[in-house]
Amino acid sequence: MKAAAAGSAKYAIELRDVRKSFGKTEIIRGANLAVHPGERVAIIGPNGAGKSTLFNLISGRFGSTSGDILLHGQKIDGLKPYEITRLGLARSFQVSNLFTRLSVFENLRCAVLWSLGYRYAFWKFLADLQDANDRAEEVMEMLKLEKRRDVLAMNLTYAEQRALEIGITIAGGAGVILLDEPTAGMSRSETARFVNLIREVTAGKTLLTVEHDMGVVFGLADKIAVLVYGEVIAFDTPERVRANERVQEAYLGSVLADQQAEAGQAAHGRAAGH
Amino acid sequence: MGRTHESRPHYHFKPWNVGRWVLWGLFALVLLAAPKVFSANFQVSLLSQMGIAIVACLSYNVLLGQGGMLSFGHAVYTGLGAFVAIHALVAVGAGSLPVPVSLIPLVGGVAGAGFAVVLGFVTTKKAGTPFAMITLGIGELVFAMSLMVPEFFGGEGGVSANRVTGEPVLGITYGPQIQVYYLLALYTFVCTAAMFAFTRTPLGRVLNAVRDNPERVEFIGYSTQRVRYIAFIVSGFFAGIAGGMYALNFEIATAEVVGAANSGAYLLFTFLGGAIFFFGPIIGAVLLVLAGALLSEFTKAWLLYLGLVFLFMVMYAPGGIASLIMMNLRVAAFGKLRPLLASYLALFGTGVAVLVGAAALVELVYHLQLGDTIGTQFNFLGATLDVGRLDSWFGACFVLAVGLALFELTRRQFELQWGVTQEEIEREIKRREAAI
């Protein structure tokens, strides 16, 4: 029944009245969201709206308090992170979460091993796994990190670490990708380059990204989900979200005003969400 | 680096792959030739013990260095391996077990892996500090059991067996120590190679990933608990082989082999040798045997010295001897070692002064405490020290204080110089990268 559901599911990701409380504080208060396969969704919202928490629930880092989370029609809430990963959902982290004492190449190779079926093998040599090595090299080239192949992850520059973070996420070939503030802490020019990179490596996949930078949001997303106080108050195309009164009221009005002012004045510090 | 890139993107020729064959050849040669150079009986016995310790420390490092698991109870697996092996040897002697004597270490290995399957299931449920606590608890548990179950552990006297049993194969009886040595050397070489091979496998690499960042490992599809568990069993297998080698070498196993002192020694010497490099524990194992056999001949306070050395290493060289070697090899590879030599000489000289001062003081205190039995006057490096005389104490303190001051000065100087050298190397690397 699961296989049939996975094949014909209408949505890649579906949240049904998902709730999450930490102690007495309810952070996610009945979130609903349905993302079609191949859609590219940006989740925006004020600080503390629960965007990262929502990602942590979907990826299995935390368990939800109630509600259903479905991946291709299959219930995944309550599963362990590695079980969810094996079902084809991968995520990145807001703070780079790398294998610090392994080289760039080894980081990527680790990230592809499970998806290529090598599991816990200790009777095969890594050097002989041509598909794993090729895939790791391929991702490394996409990230433009070939020259840094043998550098330990801890010795990379910040921007390189962010790139590797994305690389580890997409290397396993998951169909659903969650990126948690992929451009956080980057300069303007790095951000522009990075948006292109993300677009390239997530082509054809279902993408959910948490983002503060409106430039990135409009650059990456077909649809925007607005999360305010643990609820999705709007989920639509950028134009219609922009026009949505509730969104204007709750959040986007001020941000968009900032962005327009910024666009008008050309150079300006990063304003979005802060 | 990317020279062969276009044609075979996954293949990168590294010059030290050739060096690797040379290194393994040298290792085999050393194992073969060692008893020719050190041929006295007690020397061959020490060499045999080194082989055992090498396998034990390397198996410990599968946990510590490769998996980031700090175990305080590794002797459980070497020790239980030794006990099962000695019982197997007894059974072979009685004719009830048709296993050649040369395979006894493997029996220990299977036993070690078996105990790791059972005990490791609980242990590897947790990582970090809880893991360390559980290993400590299991270590105490098994040691307590050894006194409660004399049927298996043999009580106070332990269990002994005779390895000279059955028909000799090709004239090998394992009577003479030299024959045992070569058998153990073979096991040492094969186990070392097998454990090195393990580091090049998918599981071996993901184990490193678990050490570095267990959380992320869960998000690339791996259960960290399962990775730790399998690695623990692999470690237990090789630990058990070391135990079996021990049983064959000493023909006896007593309760101490599962005790905390042994677990502590594995931890201490693996760390001293260097846990972050594969070959570090080999150095540590050699030191383990030398410290136990030779240092204890020089001075009764040898454990105290060992503690001091350990403290010193944790503070100044947390990567152990192996990392000191590798860091200097790197400097040498960039042709920048020569300017450092003067500093090394100064560090060595002042270090010796500190050592002499500290040792004199330690010996004085030791003789003060135990003066009734070992006398209050003793010979220390040609000088006669007396706990009753003020100038002995004053002299020791003076040498220590001056030594420490000079050492600290040279150390600071060296640190600056080292930093500059490293920066030069970094720049050189950047330049080479840009040149590709």
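## Chain A: overall content

Chain A contains ten helices and ten strands. The model is predicted. Chain A has 274 residues, of which 45% count as buried. Among contacts in chain A with a separation of 6 or more, 66% link residues 24 or more positions apart.

## Confidence along chain A

Mean pLDDT for chain A is 88, with 89% of its residues at 70 or more. Among the elements of this chain, helix α4 (residues 104-113) has the highest mean value, 97, and helix α1 (residues 2-8) has the lowest, 46.

Two stretches of chain A fall under 50. Residues 1-6 of chain A stay under 50 in pLDDT, and the model gives them six contacts beyond four places in sequence. For residues 266-274 of chain A the pLDDT is also below 50, and this stretch has 14 contacts beyond near neighbours in sequence.

## The six-stranded sheet of chain A

Chain A has an open sheet of six strands in the order β6-β7-β8-β3-β9-β10, with mixed pairing. Its edge strands are β6 (89-91) and β10 (231-236) of chain A, each of which pairs on one side only. From one strand to the next the twist averages 15 degrees. Strands of a sheet pair through backbone hydrogen bonds, in either the parallel or the antiparallel sense.

Strand β3 (residues 40-44) of chain A lies between β8 and β9 in the strand order. With strand β9 (residues 223-228) of chain A, β3(A) pairs in the parallel sense over four bridges. Across this pairing, Ala42(A) stands opposite Ile224(A), and Ile44(A) stands opposite Val226(A). With strand β8 (residues 206-210) of chain A, β3(A) again pairs in the parallel sense over four bridges; here Arg40(A) stands opposite Leu207(A). β3(A) is mostly covered, with four of its five residues buried.

## Helix α4 of chain A

How many of the ten residues of α4(A) are buried? Ten of the ten are, so α4(A) is largely enclosed by the rest of the structure. The buried set runs through Val104(A), Phe105(A), Glu106(A), Asn107(A), Leu108(A), Arg109(A), Cys110(A), Ala111(A), Val112(A) and Leu113(A). The charged residues Glu106(A) and Arg109(A) are thus included in the buried set.

The buried residues of α4(A) pack against α5 (130-142) and α6 (158-171) of chain A, together with α8 of chain B. The surroundings of α4(A) therefore include a helix from the other chain as well as helices from its own, as follows from that packing and from the enclosure of α4(A).

## The side of chain B that touches chain A

Between the two chains, 30 residues of chain B are in contact with 37 residues of chain A. On chain B, α8 (202-212), α9 (214-218) and α10 (224-250) each supply at least two residues of the side that touches chain A. The most is given by α8(B), with eight residues. By class, the residues on this side of chain B are 14 nonpolar, eight polar and eight charged.

## Val101 of chain B

Val101(B) is found in the loop between α3 (75-94) and α4 (104-123) of chain B. Is Val101(B) buried or exposed? Val101(B) is buried, because 24 other C-beta atoms lie within 10 Å, and 20 or more are enough for a residue to count as buried.

Leaving aside neighbours within four places in sequence, Val101(B) is in contact with Val92(B), Arg163(B), Thr165(B), Gly166(B) and Tyr174(B). Val101(B) and Leu89(B) are twelve residues apart in sequence, and their C-alpha atoms are 7.1 Å apart in space.

## Helices α11 and α14 of chain B

Two packed helices are described by the angle between their axes and the distance between the axes. For helix α11 (residues 260-273) and helix α14 (residues 320-333) of chain B, the axes come within 2 Å and cross at roughly 5 degrees. This makes α11(B) roughly parallel to α14(B), since angles under 35 degrees count as roughly parallel.

On α11(B) the contact is made by Phe271(B), Leu272(B) and Gly273(B), and on α14(B) by Gly320(B), Ile321(B) and Ala322(B). By class, the contact of α11(B) with α14(B) has four nonpolar residues, two polar residues and no charged residues.

Definitions and conventions. Residues numbered from 1 in each chain as written. Chains lettered and ligands numbered in written order. Predicted model: local features only at pLDDT ≥ 70, side-chain atom pairs only at ≥ 80, totals over all residues. pLDDT = per-residue confidence, 0-100. Contact = placed C-beta atoms within 7 Å. Buried ≥ 20, exposed ≤ 12 C-beta atoms within 10 Å, placed from the backbone. Axes fitted to C-alpha atoms, helices over the stretch in contact; angles between N-to-C directions. Parallel < 35°, antiparallel > 145°, perpendicular 65-115°, else oblique. Pairing = 2+ DSSP bridges.
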